[in-house]
Amino acid sequence: PPPPPPPPPPPPPPPPPPSNGAVEIVRVGPSTENSKCANINDDTLSECTATSGSLAHAQTWISGMHECTNSGCKFTSKVCIYLEGGWTEDATLKCQKPTNWWR
């Protein structure tokens with residue numbers, strides 16, 4: 001008898017629902033300090049929320065700073081988390097463009 005046909009390939013995953021433009025996921029990691037920052041590529045995505053439960057209410061903000069080396073200065077943006085006493089889990093932030101409530 002002929003061999004059975006190969007199973008069909010799985011369907012591609014559906015695209016994520018569109019948000020207001022771009023979303024950037026920033027991995028910050030655990031911290032023993034009250035605050036920790038990580039680089040963000042697009043500082044217009046200034047509305048950041050922690051995706052892990054115990055950090056959901058932590059304060060987040062975007063911090064811009066000039067970093068200078070022998071080859072010159074560049075402006076880098078960092079996203080920071082503040083939580084009293086630090087945190088142990090691998091913190092991840094989802095950053096997107098702020099919602100314009102007045103539109």
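Q: Is Cys80 buried or exposed, and what is its relative accessibility?

A: In this predicted model, Cys80 has a relative accessibility of 1%, and because anything under 20% is called buried, Cys80 counts as buried. The same kind of reading can be made for its disulfide partner, to which we turn next.

Q: Which residue does a disulfide join to Cys80, and how far apart are the two sulfur atoms?

A: A disulfide is recognised when two cysteine sulfur atoms lie within 2.5 Å. Here the partner of Cys80 is Cys37, with an S to S distance of 2.0 Å. The two cysteines come from distant parts of the chain, since Cys37 sits in strand 2 (residues 35-40) and Cys80 in strand 5 (residues 72-82), which places them 43 residues apart. Cys37 has a relative accessible area of 34% and is therefore described as partly exposed, whereas Cys80 is buried.

Q: Why is the disulfide of Cys37 and Cys80 called right-handed?

A: The word refers to the torsion about the S-S bond, and for Cys37 and Cys80 this torsion is about 105°, so the disulfide is right-handed.

Q: How many disulfides does the structure hold?

A: The structure holds three disulfides. Besides the pair already discussed, a disulfide joins Cys48 to Cys95, with an S to S distance of 2.1 Å, and a disulfide joins Cys68 to Cys73, with an S to S distance of 2.0 Å.

Q: Which strands hold Cys48 and Cys95?

A: Cys48 belongs to strand 3 (residues 47-50) and Cys95 to strand 6 (residues 92-96), so this disulfide ties together parts of the chain that are 47 residues apart in sequence. The torsion about the S-S bond of Cys48 and Cys95 is about 115°, so this disulfide is right-handed. Cys48 is buried, with a relative accessible area of 8%, and Cys95 is buried, with a value of 0%.

Q: Are Cys68 and Cys73 buried or exposed?

A: Cys68 and Cys73 are both exposed. The torsion about their S-S bond is about 105°, so the disulfide of Cys68 and Cys73 is right-handed. In the pairing of the strands, Cys68 stands opposite Cys73, which is in strand 5.

Q: What is the pairing when the bonded cysteines of the chain are numbered in sequence order?

A: With the bonded cysteines numbered in this way, the pairing reads 1-5, 2-6, 3-4.

Q: How many helices and strands make up the secondary structure of the chain?

A: The chain has zero helices and six strands, and from the N terminus on its elements run β-β-β-β-β-β.

Q: What is the order of the strands in the open sheet of three strands?

A: The order tells us which strand lies beside which, and in this open sheet of three strands it is 2-5-4, with antiparallel pairing. Strand 2 and strand 4 (59-69) stand at the edges with a single partner strand each, so one side of each is left without a neighbour in the sheet. Neighbouring strands of this sheet are turned by 35° against each other on average, direction ignored.

Q: How many bridges join strand 4 to strand 5, and how many pair strand 2 with strand 5?

A: Eleven bridges join strand 4 to strand 5, and these two strands run antiparallel; they form a hairpin with two residues between them. To see the register of this pairing, one can look for Ser63, which stands opposite Lys78 in strand 5. Strand 2 and strand 5 pair over six bridges, also in the antiparallel sense, and Ile40 is found opposite Ser77 in strand 5.

Q: Which residues of the largest nonpolar core touch the most other members?

A: This core has 15 residues, and those that touch the most other members are Val26, Val28, Leu55, Val79, Ile81, Leu93 and Cys95. Strand 2, strand 3, strand 5 and strand 6 are the elements that give two or more residues to the core. Leaving aside neighbours within four places in sequence, Val28 is in contact with Lys36, Ala38, Ile81, Trp87, Ala91 and Leu93.

Q: What percentage of the residues of the chain count as buried?

A: Of the 103 residues of the chain, 25% count as buried. The chain exposes about 7,500 Å², and carbon and sulfur atoms supply 60% of that area.

Note on methods
Residues are numbered from 1 along each chain as its sequence is written. This is a predicted model: local features need pLDDT of at least 70, side-chain atom pairs count only at pLDDT 80 or more; totals for chains, interfaces and linings use all residues. Side-chain values use heavy atoms; hydrogens and water are left out. Helices (H or I, at least four residues) and strands (E, at least two) are DSSP runs, numbered from the N terminus. Buried means under 20% relative accessible area, exposed over 50%, partly exposed in between (1.4 Å probe, protein chains only). A nonpolar core is a set of buried Ala, Val, Leu, Ile, Met, Phe, Trp, Tyr and Cys residues joined through side-chain atoms within 4.5 Å. Contact means heavy atoms within 4.5 Å. Two strands pair if DSSP finds at least two bridges between them. Axes are lines fitted to C-alpha atoms, for helices over the stretch in contact, and angles run from 0 to 180 degrees between N-to-C directions. Accessible areas come from the Shrake-Rupley method with a 1.4 Å probe; for residues, only the protein chains shown count as cover.
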